[in-house]
Amino acid sequence: MNTVTKAEVHATEAGALEVADPSKNLIFVPLSQLRPSPRNVRKTNPKLSIPELAASIQHVGLVQNLVVTKPEEGGHYEVEAGGRRLAALKLLAKKKRIPADHPVACLLVADGSARTVSLTENVQREAMHGADQFEAFAALVKEGRPIEDIAAGFGVSPLVVQRRLKLANVSPRLLADYRRDDDTVSLEQLMALAITDDHEAQEAAFYNAPEWQRSASLLRERLTARQIAASDPLARFVGLDAYEAAGGGSFRDLFADEDSIYLNDAALLHRLAQDKLAALAEEVRAEGWAWVEAVTRLTHADRQAFRDAPQQVREPNGSEARRIASLQRRIAALDAALEAAYEAEDEEKVEVLEERQEPLAAALQGLEDSLREYAPDVRAVAGAIVTLDREGEVTIHRGLLREAEAKALRTLERLRGKQAGCDDDEGGDEDDGAHEGAGLSDKLARRLSAHRTAALQIETARHPQIALAALVHGMVQKVLQDGYAPELPLGVRLTVQDRLDQPAPDWPDSPAAIALRGLKQQWADQLPQDAGELLGALLALSQDELLRLLALCVACTVDVVTVRATKHEPGAELAQAVGLDMAAWWQPTAESYFRHVSKAVILEAVAQFAPEHVNRLAKVKKADLVSEAERLVAGTGWMPAIFASTGTEAVASEDATEPASTARVRQAETEGAALAA
């Protein structure tokens, strides 16, 4: 900030006129006889600008002379003003661009006025306005100067010159507002608007938006809304070279930190992508599928419209069995070591163990996948979809069944099962997708499935009609269907599952456990403890009350604890029936989830609930990543893949005016009062 007063300026100027007369005191001094003066008032010189200044001096010469004082006999001239110019000249001499004794134009002043002259030169200057600089660069080009020559003359890259020319081409109205220096238009906003040469589009994007929507990022988004970034999955898949070879136009954002390119022809890009996917679809069709479709994008909702066809699992041969057993032992040992490292918060050990575990888990997954196959009659009705993931990589979803196809296949399998008199036709489905989440240790899979069990118990208790249907379902299977159909996860002989604290130490304090304990205690307080009186008390209950009590008892037998993560979680039918929403009963926190998985798994999760933070978090330590993931996931409703099979559509919340998860927790807390009434 310039803090020199007007009186001081006048005094300084008057003194300078007396001592700085170029017609009398301009001399040429060999560069080797010049050195910086300690009286030079500018003590801080930006070293990064010296090479650029040197290039400019080499190209156009020394435009402004140095100011020096006369040396003592045999000494050096001291430079009182022009320290940067001296440094640039010395740099040129060091690089052998000029001789060491190159004559330098200097203004000689007396010792007594040296500091005054130095102050005058540094105070009485004003930087060139940015808009003037942009237009000056444009004028040089208009005169016929090549961009490369201009860049060399100023010691900058051609990109810097191109950026100045882009800014010079911004709408005159916007440049005029930028010149006013009243923050109406900032340089950052001009840089964003320069992404297009269309002045009308620039002005509309800026002036038609309220002030709070004029940030550089929003302006850039507004002006590129109809273009596709080269980083888009579709553009990555097609490739910029193939797109341009097909006649597609593109342009570059000169002011982006990275090489940011935008594609103009979205229709052409989609056609090229569709053609490329269609060629891949033909290769997949040759595998024998009934149908194959190629789509550029497949949403989660689109994927949920299909059922997974059953796969056969062949027995591994001797070599495969030994390899699988070896990998499982090594992974189990690493799981145990990782849990200990997580508990000890030893990040270095965690990183080492995770690096060792990942290739083993991938190898095991590959082996298990190689044992699964689709039967020919399944391929005859099922299909596949060829699509792209969010990185632009090809993803193939095989073994997909539409609803009618799935029903036909189930009927065929049921008939075959009855004809064979066996009950193992569906057995392979439980293993389908086993170890689906290689990032989840078996210990964590048991822990999460225990929380799922607790949530399913309280939801079953809250839906008496469904609990009764589930109980009858199991009885019908045993009595009428010879045990052929898969059973729901109920211990009909009252095998109560109330030891969930073993796989999940935090289960006793979970919302689901607390709600279920409350219901059990309320019924226990209402019913007599004497066995002889119990039957009479039960007979005195209304049918509705008895059904609710039955629901509680059935709920306590629900058990969907799994040994490892699987694609198809047990109890999916019951979960869908009660409309299980895990977000109502469990939340991903540092302690409940993130501390127990690898950095790679956390980053994969962050990519789903906060993708804009992935690049930043990829560089932080595990402990900081865990804390940030816990903060970012709050309120997003994100759940781990192990909970993905739970369904919420079957049973609507009793209070349609509030979220389902809120309604479920609220109802669990108030059911005691209803029961007592």
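**Reading a helix crossing and a few single residues**

Mentor: In this predicted model, helix 22 passes helix 24 in a left-handed crossing.

Trainee: Why are helix 22 and helix 24 called oblique to each other?

Mentor: The axes of helix 22 (residues 442-461) and helix 24 (residues 511-526) cross at roughly 40 degrees and come within 8 Å. Angles under 35 degrees would count as roughly parallel and those from 65 to 115 as roughly perpendicular, and the crossing angle of roughly 40 degrees belongs to neither group, so the two helices are oblique.

Trainee: Which residues make the contact between them?

Mentor: On helix 22 the contact is made by Ala454, Ala455, Gln457, Ile458 and Ala461, and on helix 24 by Ala512, Ala515, Leu516 and Leu519. Sorted by class, the contact of helix 22 with helix 24 has 8 nonpolar residues, 1 polar residue and no charged ones.

Trainee: What makes Lys96 exposed?

Mentor: Lys96 has a relative accessible area of 74%, and exposed means over 50%, so Lys96 is called exposed. Lys96 is found in the loop between helix 4 (83-94) and strand 5 (103-109), and has a positive phi of about 65 degrees although it is not a glycine.

Trainee: Why are Cys106 and Cys556 called buried?

Mentor: Buried means under 20% relative accessible area; Cys106 has 0% and Cys556 has 9%, so each of these cysteines is buried.

Trainee: How many disulfides does a search of the whole structure find?

Mentor: The search finds 0 disulfides, where a disulfide would need a pair of cysteine sulfur atoms within 2.5 Å.

Conventions: Residues numbered from 1 in each chain as written. Predicted model: local features only at pLDDT ≥ 70, side-chain atom pairs only at ≥ 80, totals over all residues. Heavy atoms only, no water. Helix = DSSP H or I, 4+ residues; strand = E, 2+ residues; numbered from the N terminus. Buried < 20%, exposed > 50% of the residue type's maximum accessible area, 1.4 Å probe, protein only. Axes fitted to C-alpha atoms, helices over the stretch in contact; angles between N-to-C directions. Parallel < 35°, antiparallel > 145°, perpendicular 65-115°, else oblique. Left-handed = near helix turned anticlockwise from the far one by under 90°. Contact = heavy atoms within 4.5 Å. Nonpolar A, V, L, I, M, F, W, Y, C, P; charged D, E, K, R; others polar.
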